[in-house]
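Biologist: Hey, could you walk me through this one? I'd like to get a feel for it before class.

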Amino acid sequence: MYSVETFDLTKKFKDVTAVNKINIKIKQGEVFGLLGPNGAGKTTLISMLCTLLQPTEGTATVNGFDIIKERDKVRKSIGVVFQDPSLDNRLTALENLYLHAGLYDVPKNERKKRINEVLELVSLKDKANILIKNYSGGMKRRLEIARGLIHYPKILFLDEPTLGLDPQTREHIWDYIKNLADRENITVIITTHYMEEADELCDRVAIIDNGEIKVLDKPSKLKDKLKGDTIIIETNASHDILSKIKSIQNVKSVQLIDGKTYISVENAEKNVVKILQTVKNVKSLSIRKPTLGDVFIHYTGKEFRDETSNGNINKRFLAKRL
Ligand SMILES: Nc1ncnc2c1ncn2[C@@H]1O[C@H](COP(=O)(O)OP(=O)(O)O)[C@@H](O)[C@H]1O
Ligand SMILES: [Mg+2]
């Protein structure tokens with residue numbers, strides 16, 4: 001049995017098709033990423049799987065339960081952390097967790113034990129008696145993850161769990177999610193528009209755009225499938241040299257951005273010498289294998305802007321597009 005299986009799952013909002021006939025199968029214990037830009041349909045897709053939205057067409061099973069006919073069973077078997085924080089600011093972390101345990105019918109004599117376990121998992125045990133209004137953004141997100149686990153769900157849905165957090169806190173949250181997936185063997189379904197996050201965390205990712213799955217595989221497989229490398233050299237290149245490089249056999253494209261020349265080739269190791277013979281005064285050289293960002297551009301034809309990345313990464317994406 002799959003953790004999640006969808007059958008032509010579709011959601012339309014008037015004239016917008018937010019999710020368009022999606023068919024995916026997610027295995028028990030997988031960390032599965034839905035990667036796509038804003039408006040791709042990620043939240044709509046997982047909202048349907050969590051039974052918060054009714055599909056327009058198609059259906060899905062979650063833990064074997066139908067999302068239309070067995071909504072209560074689906075809800076009891078999943079944990080959800082959505083984009084908008086939903087903790088009660090006037091309560092302490094502990095009070096929030098007791099409240100949630102009650103809502104999910106966790107047996108009274110087990111509540112204390114489970115709350116301790118989940119607090120331990122996200123390293124908030126010593127902050128249990130602090131009011132939520134005094135929590136930082138990262139602590140709140142960790143507490144929400146803990147809360148989503150109190151009733152021992154088999155699947156945890158996380159919608160952009162690191163959105164708006166600073167890079168250091170984001171990496172901490174990644175560690176907690178990894179740790180969780182390893183220790184608890186639960187299925188984690190995570191949406192993100194951060195490339196590195198998907199690459200680092202996910203066993204498999206689906207690239208979603210305009211409500212459709214463009215490609216689905218392991219991050220390493222996706223990168224391997226994109227043949228070719230990018231050679232990046234820093235030189236006093238003129239447009240003259242660029243056209244010379246372009247005429248070298250096996251060079252697919254050349255682009256000059258901010259004093260760096262980005263050369264897309266079939267096989268960098270084999271072609272780099274020929275290229276260096278053409279270019280003088282090389283100040284630096286690096287060779288880059290395809291990134292998940294390149295994969296995204298390849299399958300969607302769009303540049304992927306990650307606002308937390310530095311400018312260089314965006315420029316690399318740009319370079320690859322030419
Ligand atoms: N309640 C809604 N009413 C109308 N359109 C919506 C609604 N929710 C989402 N959409 C539209 O559906 C598309 C997908 O949105 P969403 O699932 O939120 O994308 P993502 O989470 O990937 O950013 C967008 O075009 C969005 O404007
Ligand atoms: Mg969203």
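Modeller: Sure, let's go through the whole chain and then some of its parts. Keep in mind that this is a predicted model.

Biologist: Okay, how many helices and strands are there in the chain?

Modeller: The chain has 12 helices and 15 strands. Its C-alpha atoms fill a box of roughly 75 × 45 × 35 Å along the principal axes.

Biologist: And what percentage of the residues count as buried?

Modeller: 51% of the 322 residues count as buried.

Biologist: Now the ligand. Which residues are around ligand 1?

Modeller: The shell is made of Phe-13, Val-16, Ala-18, Pro-37, Asn-38, Gly-39, Ala-40, Gly-41, Lys-42, Thr-43 and Thr-44. By type, they split into 5 nonpolar, 5 polar and 1 charged.

Biologist: Which element gives the largest share of that shell?

Modeller: That's α1, with 3 residues. Both β2 (16–22) and α1 (42–49) supply at least two residues each.

Biologist: What about polar atoms close up, say from Gly-39, Gly-41 and Thr-44?

Modeller: For Gly-39, a polar backbone atom sits 2.7 Å from an oxygen atom of ligand 1. With Gly-41, a backbone N or O atom is 3.0 Å from an oxygen atom of the ligand. Thr-44 uses its side chain instead: a polar atom there is 2.5 Å from an oxygen atom of ligand 1. Taken alone, the ligand exposes 560 Å², and the protein buries 58% of that.

Biologist: Back to α1 for a second. Why is α1 described as largely enclosed by the rest of the structure?

Modeller: Because 7 of the 8 residues of α1 are buried. Those buried residues are Lys-42, Thr-44, Leu-45, Ile-46, Ser-47, Met-48 and Leu-49.

Biologist: What happens just after α1?

Modeller: Thr-51 comes there, and it takes a positive phi of about 65°.

Biologist: Why does a positive phi get a mention?

Modeller: Because most residues other than glycine have a negative phi.

Biologist: Got it. What's the phi of Glu-160, then?

Modeller: Glu-160 has a positive phi of about 45°, although it is not a glycine. You'll find Glu-160 in the loop between β8 (155–159) and α6.

Biologist: Is Glu-160 buried or exposed?

Modeller: Glu-160 counts as buried, because its relative accessibility is 4% and the cut-off for buried is under 20%.

Biologist: And where is Asn-250?

Modeller: Asn-250 is in the loop between α9 (239–246) and β13 (251–257). Its phi is positive too, near 80°. Asn-250 is partly exposed, with a relative accessible area of 37%.

Biologist: Switching topic: which residues line the second largest pocket?

Modeller: The lining is Glu-117, Val-118, Leu-121, Leu-149, Tyr-152, Pro-153, Leu-180, Arg-183, Glu-184 and Ile-186. That makes 7 nonpolar residues, no polar ones and 3 charged ones. The helices α4 (108–121) and α6 (167–184) each supply at least two of the lining residues.

Biologist: What volume does the second largest pocket have?

Modeller: About 190 Å³.

Biologist: Last one. Where does Lys-69 sit?

Modeller: Lys-69 is in the loop between β6 (65–66) and α2 (71–76). It counts as exposed because its relative accessible area is 73%, and exposed means over 50%.

Biologist: How far apart are Lys-69 and Ser-286?

Modeller: In sequence, Lys-69 and Ser-286 are 217 residues apart. In space they are 55 Å apart, C-alpha to C-alpha.

How values were computed:
Residues are numbered from 1 along each chain as its sequence is written. Chains are lettered from A and ligands numbered from 1 in the order in which they are written. This is a predicted model: local features need pLDDT of at least 70, side-chain atom pairs count only at pLDDT 80 or more; totals for chains, interfaces and linings use all residues. Side-chain values use heavy atoms; hydrogens and water are left out. A residue is near a molecule or strand if one of its heavy atoms lies within 4 Å of it. A polar contact is a pair of N or O atoms within 3.5 Å; within protein, one must be able to donate a hydrogen and the other to accept it, and residues adjacent in sequence count only if both atoms are side-chain atoms. Accessible areas come from the Shrake-Rupley method with a 1.4 Å probe; for residues, only the protein chains shown count as cover. Helices (H or I, at least four residues) and strands (E, at least two) are DSSP runs, numbered from the N terminus. Ala, Val, Leu, Ile, Met, Phe, Trp, Tyr, Cys and Pro count as nonpolar, Asp, Glu, Lys and Arg as charged, and the others, Gly among them, as polar. On a 1 Å grid over the protein atoms alone, a cavity is a set of points where a 1.4 Å probe fits but cannot get out, and a pocket is an open set with protein on both sides within 12 Å along at least five of seven lines; lining residues have an atom within 4 Å of a point. Grid points are joined across faces, edges and corners, and a volume is the space filled by probe spheres set on the points. Buried means under 20% relative accessible area, exposed over 50%, partly exposed in between (1.4 Å probe, protein chains only).
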